[in-house]
Amino acid sequence: MGLIDEPLRMNPWEPVQITTNTQTPRMPRNVENHSANILLTQVSKLVDWGRSQSLWPALFGLACCAIEMMAASASRFDIARFGAEVFRASPRQADLMIVAGRVSVKMAPVVRQIYDQMPDPKWVISMGACASCGGVFNNYAIVQGVDKIIPVDIFVPGCPPTPEMLLYGFNQLQEKIRQGLPNPPDPMRPTA
Ligand code: SF4
């Protein structure tokens, strides 16, 4: 009996192709797709994971905290390990704003404009006491918390925060993105 006479014969390699003693069993090819929603959920998780691992910060600093932010991107602390080494000089190419330093009242409209020029989705880290609440500068010249002009996702305390603290805050933001948590409300666009 030749091969031409055996069209209906079972594939002798099928048991090996489905499962081997070195691999976990694969799903049979004819398994039913029970729910397309599960697939969509997984795609959204994949997208969130990709976003969390490829954040591009806007390239600007406001005061002494920016020195620590620069250190976080240098070789010793190396923010590139988390996929965020690409500081972008154009806000249109950035999706993360690290507010590093005190925000003067004169500078506030500029910070807000940079934020507005960043494409969605975007996130904000407030780095240090000055950016978060005015710090020691409790006076009329400094915005008493940058969350009064832009929505802040993560606050990093300290004066100045160390690069490790910034990296920890950055990791917290990555986890937030992976969980699909929304941005806080925009203080300049109050909801009705
Ligand atoms: S928190 Fe401290 S280090 Fe950071 S900008 Fe303010 S004074 Fe400078």
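Here are some worked exercises on a predicted model of a single chain with a ligand.

**Exercise 1. Work out how many helices and strands the chain has, and in what order they run.**

Let's start with the count: there are 6 helices and 3 strands. Next, walk along from the N terminus, and the elements read α-α-α-β-α-β-α-β-α. For a feel of the packing, take the 192 residues of the chain: 34% of them count as buried. Now look at contacts with a separation of 6 or more: residues 24 or more positions apart account for 77% of them. Finally, the outside: the accessible surface comes to about 12,300 Å², and 60% of that belongs to carbon and sulfur atoms.

**Exercise 2. Lay out the sheet: what is the strand order, and which strands stand at the edges?**

The 3 strands form an open sheet in the order β1-β2-β3, with parallel pairing. β1 (96–100) and β3 (154–156) each have a single partner strand, so they stand at the edges, with one side lacking a neighbour in the sheet. On average, neighbouring strands are turned by 15° against each other, ignoring direction.

Now go pair by pair. β1 and β2 are joined in the parallel sense over 5 bridges, and here L96 sits opposite W123 in β2. Strand β2 (residues 123–127) then pairs with β3, again in the parallel sense, over 3 bridges. In that pairing, M127 is found opposite V156 in β3.

**Exercise 3. Is β1 buried or exposed, and which way do its residues point?**

First, apply the cut-off: a residue is buried when its relative accessible area is under 20%. By that test 5 of the 5 residues of β1 are buried, so the strand is largely enclosed by the rest of the structure.

Second, sort the side chains by direction. In a regular strand, side chains alternate between the two faces of the sheet. In β1, L96, I98 and A100 point one way, while M97 and V99 point the other way, and all are buried.

Third, ask what lies across this part of the sheet. Helix α3 (residues 65–73) lies across β1 and β2, and runs at about 135° to β1.

**Exercise 4. Find which residues surround the ligand, and sort them into nonpolar, polar and charged.**

Collect the shell in chain order: A63, C64, C65, G101, R102, A129, C130, G158, C159 and P160. Then sort these residues: the shell divides into 7 nonpolar, 2 polar and 1 charged. Arg counts as charged and Gly as polar, so R102 is the charged member of the shell, and G101 and G158 are the polar ones.

**Exercise 5. Track down the cis peptide bonds that precede P121 and P160, and say where these prolines lie.**

Begin with P121: the bond from D120 to P121 is cis, with omega near -5°. P121 belongs to the loop between α4 (108–117) and β2.

Move on to P160: the bond from C159 to P160 is cis as well, with omega near -10°. P160 is placed in the loop between β3 and α6 (163–178). Both C159 and P160 also turn up in the list of residues around the ligand.

**Exercise 6. What is the phi of D78, and where does this residue lie?**

Check the backbone: phi of D78 is near 55°, a positive value in a residue other than glycine. Then place it: D78 lies in the loop between α3 and β1. Last, check the exposure: D78 has a relative accessible area of 26%, so it is partly exposed.

How values were computed: Residues are numbered from 1 along each chain as its sequence is written. This is a predicted model: local features need pLDDT of at least 70, side-chain atom pairs count only at pLDDT 80 or more; totals for chains, interfaces and linings use all residues. Side-chain values use heavy atoms; hydrogens and water are left out. A residue is near a molecule or strand if one of its heavy atoms lies within 4 Å of it. Two strands pair if DSSP finds at least two bridges between them. Helices (H or I, at least four residues) and strands (E, at least two) are DSSP runs, numbered from the N terminus. Axes are lines fitted to C-alpha atoms, for helices over the stretch in contact, and angles run from 0 to 180 degrees between N-to-C directions. Contact means heavy atoms within 4.5 Å. Buried means under 20% relative accessible area, exposed over 50%, partly exposed in between (1.4 Å probe, protein chains only). Accessible areas come from the Shrake-Rupley method with a 1.4 Å probe; for residues, only the protein chains shown count as cover.
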